[in-house]
Amino acid sequence: MVTMRRRDFLRTTAASAAFAIVGLSRKSGRADSPSRARRVLIINAGGGLRTTAAFNASTQQRLNPWGILGTAGVLRLGSVLRLSESSVTYSASSWASGGSVPNIQQAAASFALIAGADHSPDGSARAGDHNDDTPRMGTGYFGKSDAPGLLTLINRHLGSAAPAPVATIGGGDFGTAPPAWVSDRPIGLSYNQLPSNPPMGGSALVGQPLEDALDARSLAVHKNLAHDAVQSLVNTKATLRKFGPVLADKRLRFDSDTYLTQSLDGITNEMILEAVGNASTAPRDGGARDVALAIRLLQLGSPAVSVSIGGFDTHDHEVEKAPALYTRFARFVAGVHYALGRIPDPAGGMLLDHTLVVTTSEFGRSGVDGGFNAGDGTDHGGNPGWRYQAHVAFGAGVVPKKLHPTDDNNVPVDRPASTHCLLATIAAAVGVPSDAIDAEWPTGTSLYPEGGPLWDLWA
Amino acid sequence: MALDLIGVEPSADERASLCAGKTAEQMARGFMALPRFRTTERRFWIRRLGADPTAMMAEHIIDADRLFLAAADGTIGYDTLVAKLLAHPIFTINRPVAAADDTSPTIQLIFRTVLGRAASGAELADYANLLRPWKRRFEDRYDLGYGYFVYPAVLDPRACQDPLLGKAACTSVLLGVPTSMVPAVSPAVPPGYSQTNSALFYYETVAGNVPAALETELEKPGRLLMARDEAWDTAADFALARMLGWWRSSANEPETVLPEVQHALAQWFRAHPNHDLRDLYVTIMTSLLYTTSAEYDGDERPPWTTGPTKLLEPEQLLDSVARALDLDLGFCDPHSDEPVGRNFYWPARLREPSTVDGSAYYDYAQQLGGCIGAIKAPRSPGLPALLAHIDLSRSLCTNARAAASFHDTADNLFARFLSRTPADDERTSLDAAASACATDPACVDAAGYARQLCGALVRSSSFLYY
């Protein structure tokens, strides 16, 4: 004898029907806002980017031992962003305008900055390690097992109608997909792991019909949640069949010079590689190639892509590693700005006019006297240099302004922006319905004290 | 049942000898008598405890295998298994490197695993007393084949000699009968290392051969927890979840809220002589909850009125495909995701000899989210996994063999992959596909048909969910 659970009781009663109808018809208290962007690109620095030395540079040596490069628009840039110019290229010879790609100082003049963002604006203690803050950056939560990643949410609402897939490239938890979200998990891609042929599975006349018949029977005989699980797998297969040809498109191939001349709307693969600072004449930079792949996916119609550049967890030897690491990252950001500003948007204007670009990382890095720890690196956990992150935002009409400014100790002058607010802003900007956003990141909580998205970015 | 107990679809011989004409209990006991049951159990417990070789010396992790295998053999009961695990570094120093000497993650792991819940703040402080003698060191053992410093476990003979607290420093008072865990040890140090602390007792000096008196003392925390009802509820819970596939519920609300079933099973198991885990499994696997088919026509029913439906784990999938196609793909070490040959934290000497060259098994499993010890979450059937299924079916189904006829080929492959014959509606599709084969350049003949059907089976939800 088993006890019927409340949920099942509700499922089987008339009262539950009324409850369900009320539940389903409940809408957010806020009306949907018009979309600000047609697509979003997240450029993530995996491991913990020291924003106090980069895009929100401090004059304090403990937070920024490399010093100040200069001011660009509302951003104060750190010298480390251009300390290793030999690790990138600037030539734009294959673009019609020729010349060179503007550097980060030139590009940043049109950037906005959310200077002080916090994963836990309630002031709670955080472990400050990657395994808790990476999910916070990707999903807004740590230890919430049903929290989807930002791109998973976007994929659920925008993915099915898009001509190219929502994708995650590299690390980060933006594509996290708990059980109820498995069919919405964005595809994970890498520039050197794309299929040469459309991954369609079996042949059209024999293999696929057999697979479909097996799936159909499995669907027919399973009920309840088992049925839902099988259905999500079947849905995902349909997605794969849909996007298989796109994934095998040679215009996504940045792993070989063979494809340099592949072109879409006059933009060749070589042009994109030049834009992101890894011209074909330079040693291959996997990070740059992944960024190039992201740009091309957006051009093909993907509503959202995240690309993560690893290596920022510099507990030691940061002195040696940071110059190339940060110079490359800045170069990628500037290159994205350059490329999107010159690639036509199929719906008019340029991609940059309708693409929101945001930089992220799971956290910053702790300030330490002298600038580095005993291992010539920096750690995370313990002070404002680590806790408050600066996020760069541009494109899609974002106004160059600084929000949630910090003082020179990297402490927010007023209050920090919440990560929930940032994630909700991105989702809202590309058109995810507000009730869906509120379901994941409800406003007015200690994790999301703001009343809604950061529309000030556009004001 | 075979997938649950031996991690692979049954072979034709096993179906004939262990299934045909047998009761559910006879089947379960037959599968549990196979060597694969031991390795399947070991893998389950390794994942459940999630010891990370980068945070704990590999010797400690592999030493715990003897405990898992003893439980699988019925040599020790569940209560003794828990007591011995809680007296072992596999639990006592099991926490991330970043946690350093903070035992909170260790205690939370112990509570979640043994009691099925998180520890309260007061319980954290209380149980920490029982862990006080245990310390984690960070030292070189390069001569043992490691590429980096490792984390050996030690017992500090002075830990319970606090001048103010005395024995109370190592006493729990909140979790049952006040219990002190004061191991009487003298310093014992492995020879030949420069970083060892001569004041400490290194567990590695007695691993696998802990003196009885010391073992008894070290087992006190486990015995203390096993005196609580909730520990037995949790034992019933994990077995129910494992065998019945309660994953079908949302992660926020596990479908284990069948209090009468859970509690009755827990009470029975607690009172059962020897507390043999195999008997617990048999009880579940002979129940209506398990033996009722998950497949039925008609309207929805409450979940517990249908049998279990579970997703194949990567190793189950690979082992089943290999068996269905008479291939040896090899295997991967369940303890570590460190690639063979790297020898950073998992030395080659601790690995079982590979049966095949190359790393195909590991590579496939990694794409599916498997071969990972307990460090990462199991795969979910998203696009990356599907790409892996396609890749897998494309490369391995070249080995699918055609029988004398299309009909026989279908029957043979259905038996090998699904342990059943095609249903009528599937037979219709199979016949249609066989008719179309000659006009399909990818099929053409019986051999091509076998490849196409094999691929369809590998990718199908009929195979991926069992």
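**Figure 1. Crossing of helix 9 and helix 10 in chain B of the predicted model.** The axes of helix 9 (residues 104-115) and helix 10 (residues 121-131) of chain B come within 10 Å and cross at roughly 100°. Angles of 65 to 115 degrees count as roughly perpendicular, so helix 9 of chain B is roughly perpendicular to helix 10 of chain B. On the side of helix 9 of chain B, the contact involves B:Ser104, B:Thr106 and B:Ile107; on the side of helix 10 of chain B, the residues are B:Leu124, B:Tyr127, B:Ala128 and B:Leu131. Sorted by class, this contact has five nonpolar residues, two polar residues and no charged residues.

**Figure 2. Helix 7 of chain B and its surroundings.** Helix 7 of chain B spans residues 78-85 and is mostly covered, with seven of its eight residues buried. The buried residues are B:Tyr78, B:Asp79, B:Leu81, B:Val82, B:Ala83, B:Lys84 and B:Leu85. The elements of chain B that cover them include helix 6 (65-73), helix 8 (89-92), helix 9, helix 12 (220-226), helix 13 (229-244) and helix 15 (277-285). B:Val82 is also among the residues with the most contacts inside the largest nonpolar core.

**Figure 3. The largest nonpolar core and a second core apart from it.** The largest nonpolar core has 141 residues. Those with the most contacts inside this core are B:Phe31, B:Val82, B:Leu413, B:Leu453 and B:Leu457. Helix 7 of chain A (residues 224-247) gives the most to this core, with nine residues. Another core, of 108 residues, lies apart from it and includes A:Ile104, A:Ala112, A:Leu151 and A:Ala339. In soluble globular proteins, nonpolar side chains tend to be buried together. A closer view of B:Phe31 shows that this residue touches B:Met1, B:Ala2, B:Leu5, B:Ile6, B:Leu18 and B:Phe37, with residues up to four places away in sequence not counted.

**Figure 4. Helix 9 of chain A and the glycine just after it.** Helix 9 of chain A comprises 15 residues, 286-300. From its first C-alpha to its last, helix 9 of chain A reaches 21 Å, close to the 21 Å expected at 1.5 Å a residue. Of its 15 residues, 13 are buried, so helix 9 of chain A is largely enclosed by the rest of the structure. Just after helix 9 of chain A, A:Gly301 takes a positive phi of about 115°.

**Figure 5. A:Thr327 in helix 10 of chain A.** Helix 10 of chain A (residues 318-340) contains A:Thr327. A residue is buried if 20 or more other C-beta atoms lie within 10 Å of its own; A:Thr327 has 22 and is therefore buried. The C-alpha atoms of A:Thr327 and A:Val80 are separated by 6.5 Å, although these residues are 247 residues apart along the chain. Leaving aside neighbours within four places in sequence, the contacts of A:Thr327 are A:Leu81, A:Arg82, A:Leu83, A:Ser84, A:Glu85, A:Ser87 and A:Val88. In chain A, 72% of the contacts with a separation of 6 or more are between residues 24 or more positions apart.

**Figure 6. Two aspartates with positive phi, A:Asp265 and B:Asp326.** Most residues other than glycine have a negative phi. A:Asp265 has a positive phi of about 50° although it is not a glycine. A:Asp265 is found in the loop between strand 7 (263-264) and strand 8 (267-268) of chain A. There are 10 C-beta neighbours inside 10 Å of A:Asp265, so this residue counts as exposed. For B:Asp326, phi is near 55°, again a positive value in a residue other than glycine. B:Asp326 lies in the loop between helix 17 (314-324) and helix 18 (360-368) of chain B. With 11 C-beta neighbours inside 10 Å, B:Asp326 also counts as exposed.

**Figure 7. B:Ser198 in a loop of chain B.** The loop holding B:Ser198 lies between strand 4 (179-180) and strand 5 (201-202) of chain B. B:Ser198 counts as exposed because it has 7 C-beta neighbours inside 10 Å. The C-alpha atoms of B:Ser198 and B:Pro187 are separated by 6.4 Å, and the two residues are eleven residues apart along the chain. Not counting residues up to four places away in sequence, B:Ser198 touches B:Pro187 and B:Val189.

Terms used. Residues are numbered from 1 along each chain as its sequence is written. Chains are lettered from A and ligands numbered from 1 in the order in which they are written. This is a predicted model: local features need pLDDT of at least 70, side-chain atom pairs count only at pLDDT 80 or more; totals for chains, interfaces and linings use all residues. Helices (H or I, at least four residues) and strands (E, at least two) are DSSP runs, numbered from the N terminus. The expected span of a helix is 1.5 Å times one less than its number of residues. A residue is buried if 20 or more other C-beta atoms lie within 10 Å of its own, exposed if 12 or fewer, and partly exposed in between; C-beta atoms are placed from the backbone. A nonpolar core is a set of buried Ala, Val, Leu, Ile, Met, Phe, Trp, Tyr and Cys residues joined through C-beta atoms within 7 Å. Two residues are in contact if their C-beta atoms, placed from the backbone, lie within 7 Å. Axes are lines fitted to C-alpha atoms, for helices over the stretch in contact, and angles run from 0 to 180 degrees between N-to-C directions. Angles under 35 degrees count as roughly parallel, over 145 as roughly antiparallel, 65 to 115 as roughly perpendicular and the rest as oblique. Ala, Val, Leu, Ile, Met, Phe, Trp, Tyr, Cys and Pro count as nonpolar, Asp, Glu, Lys and Arg as charged, and the others, Gly among them, as polar.
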